[in-house]
Amino acid sequence: MAATGAFPSSYQNPNLPFPKPLSSSSSSAAFVIIKAPTTKTKKHSTNSIRCEITSTNNWTVEPDPPVHFFNNKSPDHLPVPMASESAVNKAKKVCLFYCAETKELAQKVAAESDGIELRSITWRKFADGFPNIFIPNAHAIRGQHVAFLASFNSPSVIFEQLSVIYALPKLFIASFTLVLPFFPTGTSERMEDEGDVATAFTLARALSNIPISMGGPTSLVIYDIHALQERFYFGDNILPCFESGIPLLKTRLQQLPDSDNITIAFPDDGAWKRFHKQLQHFPTIVCAKVREGDQRIVRIKEGDPKGRHVVIVDDLVQSGGTLIECQKVLAAHGAAKISAYVTHGIFPNRSWERFGSDKGGNPEQGLTYFWITDSCPTTVRDVMHNPPFEVLSLAGSIATTLQM
């Protein structure tokens, strides 16, 4: 309030002592602010400030505008949004681009979440065969989270996809994720003789030079890379995220009528090291390749397949020779059924045709099931509806990873 004249005694605080004036002059007034002693209790302390008026002659009081008081509530009393509301508000929206080979998988991924929106790319070629690529409505993805679903199934398509992968982060996007389900040069990760070229390292270097987006380094999603140490081939401009298709296999095994009679077989020590921790609740068999003369023959190193439904597990298959040898030795040792799982069914030169059905429980003749994922789209189109093959889709896992 504003004091302009006589100040009535009713404005004095009766709880505070009113000292004698410092001056008896009626023509001036002075204010003295004195901090009263602090009063402390067990839970809190209070401070009070006293304003002393040394002259009260001929003063009037004019009211100030109303003063509003607010309760100083602790954060514990503030309203907190429900968890479901928070999840909805924080749902990550992703623009998903794809190449021609991954169109069907991209559609399945988008169907898994309302937060994933498909965006197309125009893939064309000039007369000389080099790519002529256009990203429609590119300005609309500014500030958006963007992902690209790639498939390096052939060396001929890597360059055109790398061109898009290098271009997208430069469009002022919030973040960039590259989903490359199958890392194709993963088996060429080491040198055995002077002059060998480790092409796994070459591809890792190419991906490590993807431009940084506004959100920072690119996230790279790969499923069941052949050797875990390959994560160290990538540079600091990319963040490799290694996922696995084994959870899909475990879910499928639980659906089988003989799910309580499953035994997992690994074709070699490398497969055992790679996957045994994820499948530790199943009985296991470990096979090994031994040399007899000029031949390498598969033998059972440990475990017993007799009377069991044995599932051979590995990360990938090419010609399928090792899996067929495993099938033969397991059948010879009394396995009741034999199935197989690989995350990446590569099958060059239609080698998938070597695998037939067991025709109702004859493990010597073929497999009961051969499960693969859709990490290699070309293979999926070839083996679809051909027993014993069954495709386990990565779509749900990819959709979940994109919205992390």
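**Note on two cavities and a parallel sheet**

1. The second largest cavity is enclosed by Ser 151, Phe 152, Asn 153, Phe 182, Ser 375 and Cys 376, where a cavity is a set of points, on a 1 Å grid over the protein atoms alone, at which a 1.4 Å probe fits but cannot get out, and lining residues have an atom within 4 Å of a point. The volume of this second largest cavity is about 40 Å³, a volume being the space filled by probe spheres set on the points, with grid points joined across faces, edges and corners. Its lining comprises three nonpolar, three polar and no charged residues; Ala, Val, Leu, Ile, Met, Phe, Trp, Tyr, Cys and Pro count as nonpolar, Asp, Glu, Lys and Arg as charged, and the others, Gly among them, as polar.

2. The model is predicted, with local features needing pLDDT of at least 70 and side-chain atom pairs counting only at pLDDT 80 or more, while totals for chains, interfaces and linings use all residues. Residues are numbered from 1 along each chain as its sequence is written, and side-chain values use heavy atoms, with hydrogens and water left out.

3. The structure holds three cavities of 30 Å³ or more, and the largest of them contains about 100 Å³ of space. Among the residues lining the largest cavity are Glu 101, Lys 108, Asp 374, Arg 381 and Met 384, and the lining as a whole divides into four nonpolar, one polar and five charged residues. Helices α2 and α8 (377-383) each supply at least two residues of this lining; helices (H or I, at least four residues) and strands (E, at least two) are DSSP runs, numbered from the N terminus.

4. Six strands form an open sheet with parallel pairing, in the order β8-β7-β11-β12-β13-β14, two strands being paired if DSSP finds at least two bridges between them. The edge strands, each pairing on one side only, are β8 and β14 (238-243).

5. Strand β7 (residues 94-98) is mostly covered, five of its five residues being buried, that is, under 20% relative accessible area with a 1.4 Å probe and protein chains only. Val 94, Leu 96 and Tyr 98 point one way from β7, whereas Cys 95 and Phe 97 point the other way.

6. Strand β7 runs parallel to β8 (residues 116-119), to which four bridges join it, with Val 94 partnered by Ile 116 and Leu 96 by Leu 118. Five bridges join β7 to the parallel strand β11 (residues 145-149), where Leu 149 is the bridge partner of Tyr 98.

How values were computed
Buried < 20%, exposed > 50% of the residue type's maximum accessible area, 1.4 Å probe, protein only. 1 Å grid on protein atoms, 1.4 Å probe; cavity = no way out; pocket = protein on both sides within 12 Å on 5 of 7 lines; lining within 4 Å.
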